[in-house]
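Open the model in your viewer and keep a selection box at hand. We will go from stop to stop, with something to select at each one.

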Amino acid sequence: MKCRHAVGACAVLAAVDRPAVLGVAAFLAGCASTLHKPAGTVVVAQTLPESEHVRAFGLLYWASNIGAAISPAVSGFLLSASGYWLVALNITTALAYADLAHRLPGPRPRAEAAPKGVADEAGAADEAGDGGRETLRGLLAPFRSPATAWFLALSFCLAAIYLQKQSALPLDMKAHGLSSQVYGLVVSLNGFLIITTQPLVSRLTRRLAVDVQFLCAAVLVAVGFGANAVAAGPWTYAAALVVWTVGEMLLVPQASAFLVRHAPPGRAGSYPGAYGFVWNLGLVVGAPLGMAVLQTWGSAALWTGALLLGLSTAAAHALTMLRTRRRARPDRHDTP
């Protein structure tokens with residue numbers, strides 16, 4: 001489905017020049033560009049053992065960032081020749097992706113796909129009912145399960161901080177006299193670090209518990225963006241970026257693995273899909289809020305607020321970690 005939508009939207013982009021039609025086609029192309037992510041999660045969940053999920057999600061994340069780093073240069077080169085070449089490349093890659101997708105193993109029976117110990121956590125999503133109500137239950141299931149709903153709420157807080165890189169951060173850097181070219185170079189360091197170090201970071205941290213990695217990621221995102229309060233030049237902004245990029249590399253693969261483990265039978269795609277929803281909601285809510293704070297109270301207030309929100313999120317992760325481990329600890333009774 002993703003490939004058909006992508007090919008159709010690209011064909012429309014190449015064939016029409018009316019702004020309204022182009023807007024609809026661009027919207028459909030954007031939707032198609034995200035449909036593969038939940039499906040990719042399902043493929044990982046069903047073809048690899050749970051012990052390999054974090055590494056696999058890390059590699060998917062790594063490959064996605066390689067594409068994101070290469071695409072601006074390739075797009076600029078093709079656009080300088082003709083926009084039709086860019087559309088042709090998009091259609092070609094969509095068809096190649098479709099061919100690869102057809103070669104992947106098919107879905108396993110739902111009884112085999114169920115992660116151990118989580119089938120009863122959100123079982124309400126699989127109750128009998130008509131198709132529409134069942135679909136709605138499936139979409140809401142991640143938000144009705146206490147463990148995943150709490151995690152998604154904390155992820156929304158981190159997204160609202162992290163996605164300031166696309167809204168308030170360039171305005172703040174401009175206010176400090178830095179050009180758009182400098183901003184582009186600094187932010188490109190994010191992709192460079194992910195491409196060059198993501199597999200190494202995943203390997204070095206694989207022995208850490210999931211909750212510990214979430215805690216570390218929240219602290220690094222908080223401190224990294226909070227450091228922008230004292231940044232004034234490209235090197236200080238770049239140093240802050242290194243800190244929050246490491247937090248990002250810890251968070252994203254573990255988040256997918258966490259949600260897959262907590263997904264009931266047949267929901268391995270919808271749970272990470274809920275994560276994508278709250279992450280983008282962080283941009284929708286966080287971007288205008290961050291720019292409003294920046295324009296009203298200034299840079300120090302914005303980044304100090306980001307620091308406090310991030311540290312509060314880290315504290316919430318720590319409390320959840322302690323509560324979970326306390327429940328998992330066997331009761332000890334003194335014997336006379």
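Start by selecting Phe 225 and Tyr 275: of the 47 residues in the largest nonpolar core, these two touch the most other members. As you look at them, keep in mind that this is a predicted model. Next, colour the elements that give two or more residues to this core: H7, H8 (168-175), H9 (180-205), H10, H11 (234-261), H12 (270-297) and H13 (299-328). Which element gives the most to this core? Highlight H11, which gives eleven residues.

**Around Tyr 275**

Stay with Tyr 275 and show what surrounds it. Setting aside residues up to four places away in sequence, Tyr 275 touches Phe 151, Leu 152, Ser 155, Leu 251, Ala 255 and Leu 259. Apart from the largest core lies another one, of five residues; select Val 44, Ala 56, Phe 57 and Val 260, which are among them.

**Zooming out**

Now show the whole chain as a cartoon. How many helices and strands does the chain have? You should find 13 helices and zero strands, so to speak an α at every step from the N terminus on. Colour by burial next: of the 336 residues in the chain, 38% are buried. If you draw contacts between residues at least 6 apart in sequence, 78% of them join residues at least 24 apart.

**H11 against H12**

Select H11 and H12 together. Their axes come within 8 Å and cross at roughly 135°. The two helices are therefore oblique to each other. To see the contact, show side chains for Leu 251, Ala 255, Leu 259 and Val 260 on H11, and for Tyr 271, Pro 272, Tyr 275 and Trp 279 on H12. What classes of residue make up this contact? Eight are nonpolar, with no polar and no charged residues.

**H10 against H11**

Keep H11 on screen, hide H12 and bring in H10. H10 and H11 pack at an angle of about 150°, with their axes 8 Å apart. That angle is over 145 degrees, so H10 and H11 are roughly antiparallel to each other. Their crossing is left-handed. For the contact, select residues on both sides: from H10, the set includes Val 210, Gln 213, Phe 214, Leu 220, Val 221 and Phe 225, and from H11 it includes Trp 244, Glu 248, Leu 251, Gln 254, Phe 258 and Arg 261. Coloured by class, the residues of the contact between H10 and H11 divide into 16 nonpolar, four polar and two charged.

**H7 against H10**

Leave H10 in place and swap H11 for H7. The axes of H7 (residues 146-162) and H10 (residues 210-226) come within 10 Å and cross at roughly 25°. That makes H7 roughly parallel to H10. H7 passes H10 in a left-handed crossing. Show Phe 151, Leu 158, Ile 161 and Tyr 162 on H7, which meet Phe 214, Ala 218, Val 221 and Phe 225 on H10. By class, this contact of H7 with H10 has eight nonpolar residues, no polar and no charged.

**Three single residues**

Select Ile 194, which sits in H9. Is Ile 194 buried or exposed? With a relative accessible area of 0%, Ile 194 is buried. Display its contacts beyond four places in sequence: Tyr 61, Trp 62, Asn 65, Pro 199, Thr 245, Glu 248 and Met 249. Then try a distance label from Ile 194 to Ala 63: the two are 131 residues apart along the chain, and their C-alpha atoms are separated by 9.5 Å.

Move to Leu 178, in the loop between H8 and H9. Its relative accessible area is 13%, so Leu 178 is buried. Leaving aside neighbours within four places in sequence, Leu 178 is in contact with Met 173, Gly 233, Pro 234 and Tyr 237. Leu 178 and Gly 233 lie 55 residues apart in sequence and 7.4 Å apart in space, C-alpha to C-alpha.

Finish at Val 284 in H12. Switch on the surface here: Val 284 is exposed, with a relative accessible area of 56%. For a last distance label, pick Leu 163, which is 121 residues from Val 284 along the chain, with their C-alpha atoms separated by 9.3 Å.

Key:
Residues are numbered from 1 along each chain as its sequence is written. This is a predicted model: local features need pLDDT of at least 70, side-chain atom pairs count only at pLDDT 80 or more; totals for chains, interfaces and linings use all residues. Side-chain values use heavy atoms; hydrogens and water are left out. Axes are lines fitted to C-alpha atoms, for helices over the stretch in contact, and angles run from 0 to 180 degrees between N-to-C directions. Helices (H or I, at least four residues) and strands (E, at least two) are DSSP runs, numbered from the N terminus. Angles under 35 degrees count as roughly parallel, over 145 as roughly antiparallel, 65 to 115 as roughly perpendicular and the rest as oblique. A crossing is left-handed if the near helix is turned anticlockwise from the far one by less than a right angle, and right-handed if clockwise. Contact means heavy atoms within 4.5 Å. Ala, Val, Leu, Ile, Met, Phe, Trp, Tyr, Cys and Pro count as nonpolar, Asp, Glu, Lys and Arg as charged, and the others, Gly among them, as polar. A nonpolar core is a set of buried Ala, Val, Leu, Ile, Met, Phe, Trp, Tyr and Cys residues joined through side-chain atoms within 4.5 Å. Buried means under 20% relative accessible area, exposed over 50%, partly exposed in between (1.4 Å probe, protein chains only).
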